[in-house]
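Let's work through a few short exercises together. Keep the structure open beside you and try each task before reading its solution.

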Amino acid sequence: MYTIHLICTSHADNGMCNSIELFKLFKQIEPEVIFEELPPSFYEKFYIEKSHSNLETNAIKMYLEASEIKQVQVDSDDIPNETFFHNYKKLISKVEGRTNINGFNFRRLIYQKKIYTNLYGFNFINSDNCMEINNGIYEAIENEVQQLKDKDLDEILSCWKNVNEKRENFMLQNIYDFSKNHQYKKAIFMIGHAHRKSIISKIQNYNESHEIRLNWVY
């Protein structure tokens, strides 16, 4: 049976959410395969040149010192340009700076998530509580965009949703394709916690529609 542990992460250290705590989870699970939210073209700069790093790759490097695993980078190499990220930051700054209920809820929930992540680490960001907070953050963003009636902001939000929708499907398809062609008992799939609700929903659909059925542990 192919068992995959879904571990939602935060790409940068924050208190108890750090690479050492993630490394401890690896040791508990003892995976044979780690599916990474990383484009294949990024492998060299993160693992060979080591010019880049994040929370997840640092934990993997620690685990590789004593264990042999198969690393599979499942994210898309079709990376949006800088304008895409600049526009999203512009949208977030707009919502964050508002003095109405949407701006208040956004700031309150972002702060709450930061504090809980710092204190409780991976236990929190893999919880339904974190998922509910993220839902509230997205609701504040969407409500503000609707109220502003700004076509540019509406287009930025739609573009962001579409890109992440494609990325999630691309990553899951890669995982199911790999599992169809390789045997293993235990694996880990790491993805940013903001994807948790959407990715779990997609996993359920994938298990129903694909010939290979994977045992997911959330």
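**Exercise 1. Compare the expected span of α4 with the distance between its end C-alpha atoms.**

Step 1: α4 is a helix (a DSSP run of H or I, at least four residues, numbered from the N terminus), and it has 15 residues. Step 2: the expected span is 1.5 Å times one less than the number of residues, which gives 21 Å for α4. Step 3: the end C-alpha atoms are 21 Å apart, so the two agree.

This is a predicted model, where local features need pLDDT of at least 70, side-chain atom pairs count only at pLDDT 80 or more, and totals for chains, interfaces and linings use all residues. Residues are numbered from 1 along each chain as its sequence is written, and side-chain values use heavy atoms, leaving out hydrogens and water.

**Exercise 2. Which residues of α4 are buried, and which exposed residues lie on the face turned away from them?**

Step 1: buried means under 20% relative accessible area, exposed over 50%, and partly exposed in between (1.4 Å probe, protein chains only). Step 2: Phe84, Tyr88, Leu91, Ile92 and Val95 are buried. Step 3: they cover an arc of only 95 degrees around the axis (using directions from the axis to the C-beta atoms), so they sit on the same side of α4. Step 4: the face turned away carries the exposed Glu82, His86 and Lys89.

**Exercise 3. What do the buried residues of α4 pack against?**

Step 1: contact means heavy atoms within 4.5 Å. Step 2: the buried residues pack against α5, α6 and α7.

Note on methods:
Helices (H or I, at least four residues) and strands (E, at least two) are DSSP runs, numbered from the N terminus.
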